[in-house]
Amino acid sequence: MAGAVAADGARLIATPEYSFGLKIRDGLFLPGACAEADHPVLSTFSEVARKLDVWFLLGSRDVQNADGRISNRSCQINAGSELVAQYDKIDMFDVNLDSRS
C-alpha cells in the first residue's frame with residue numbers, strides 16, 4: 001500500500017492511531033507492546049521510508065516501559081530513515097480529578 005501511494009506522489013504517509021500491535025485473544029483486544037529497543041515497527045518503517053523516499057507519521061505504536069506501563073507512542077520518520085520526532089500520547093481516561101470540581 002505504501003509503495004502505491006508513494007508512486008502516486010505521496011511524500012508523507014500517515015497511519016491511524018494504535019495501528020501496530022493490538023492482538024486478539026479470547027475475543028478481546030490486547031496491547032502487543034514490546035520494549036522500544038525491540039519494537040519491530042520503527043525499524044521496518046524506517047527502512048520503507050528510505051526505500052520509498054517518503055516520510056511516515058505513525059499514528060502510534062505500543063511500547064512497554066521499564067515500569068510495566070504501556071505508552072501509546074506516535075512518531076515521525078523522515079525519508080532518510082531517521083526518527084525525527086516522537087510523542088507519548090496522554091491517556092485521557094487515566095486521570096485523577098479533584099472530587100471538589
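**Exercise 1. Place Asp62 in the fold, decide whether Asp62 is buried or exposed, and find its backbone partner.**

Start with the address: Asp62 sits in strand 4, residues 55-64. (Strands here are DSSP runs of E with at least two residues, helices are runs of H or I with at least four, and both are numbered from the N terminus.) A quick word on the ground rules: this is a predicted model, where local features need pLDDT of at least 70, side-chain atom pairs count only at pLDDT 80 or more, and totals for chains, interfaces and linings use all residues. Residues are numbered from 1 along each chain as its sequence is written, and side-chain values use heavy atoms, with hydrogens and water left out.

Next, burial. Asp62 has 0% relative accessibility, so Asp62 counts as buried. (Buried means under 20% relative accessible area, exposed over 50%, and partly exposed in between, with a 1.4 Å probe and protein chains only.)

Last, the partner: a polar atom of the Asp62 side chain lies 3.0 Å from the backbone nitrogen of Ala33.

**Exercise 2. Work out which parts of the chain the salt bridge between Arg73 and Glu36 links, and how accessible each partner is.**

Begin with the pair itself: the closest N and O atoms of Arg73 and Glu36 are 2.3 Å apart, in a salt bridge. (That term takes a side-chain nitrogen of Lys or Arg within 4 Å of a carboxyl oxygen of Asp or Glu.) Arg73 belongs to strand 5 (residues 70-77), while Glu36 is in the loop between strand 3 (28-30) and helix 2 (40-52); the two are 37 residues apart, so this pair links distant parts of the chain.

Now check accessibility. Arg73 counts as buried because its relative accessibility is 9%. Glu36, at 27%, is partly exposed.

Then widen the view: Glu36, Arg61, Arg73 and Asp88 are linked in a network of salt bridges. The whole structure has 8 salt bridges.

**Exercise 3. Compare two other salt bridges, Glu47 with Lys51 and Arg69 with Asp67.**

Take the helical pair to begin with. Glu47 and Lys51 meet at 4.0 Å, N to O. Both lie in helix 2, 4 residues apart, about one turn of the helix. Glu47 is partly exposed at 32%, and Lys51 is exposed at 60%.

For Arg69 and Asp67, the closest N and O atoms are 2.8 Å apart. Arg69 is exposed, with a relative accessible area of 53%, and Asp67 is exposed, with 53% as well.

**Exercise 4. Find which residues of helix 2 are buried, and explain why they line one face.**

First, the span: helix 2 has 13 residues and reaches 18 Å from first C-alpha to last, close to the 18 Å expected at 1.5 Å a residue. (The expected span is 1.5 Å times one less than the number of residues.)

Second, the list: Val41, Leu42, Phe45, Ser46 and Ala49 are the buried residues of helix 2. Seen down the axis, these buried residues fall within an arc of 125°, so they line one face of the helix. (The arc is that of the directions from the helix axis to the C-beta atoms.)

Third, flip the helix over: Ser43 and Lys51 are exposed on the other side. Pro40, also in helix 2, is partly exposed at 47%. Pro40 and Phe20 are 20 residues apart in sequence, with their C-alpha atoms 9.7 Å apart in space.

Key:
Polar contact = N/O pair within 3.5 Å; in protein donor to acceptor, adjacent residues only side chain to side chain.
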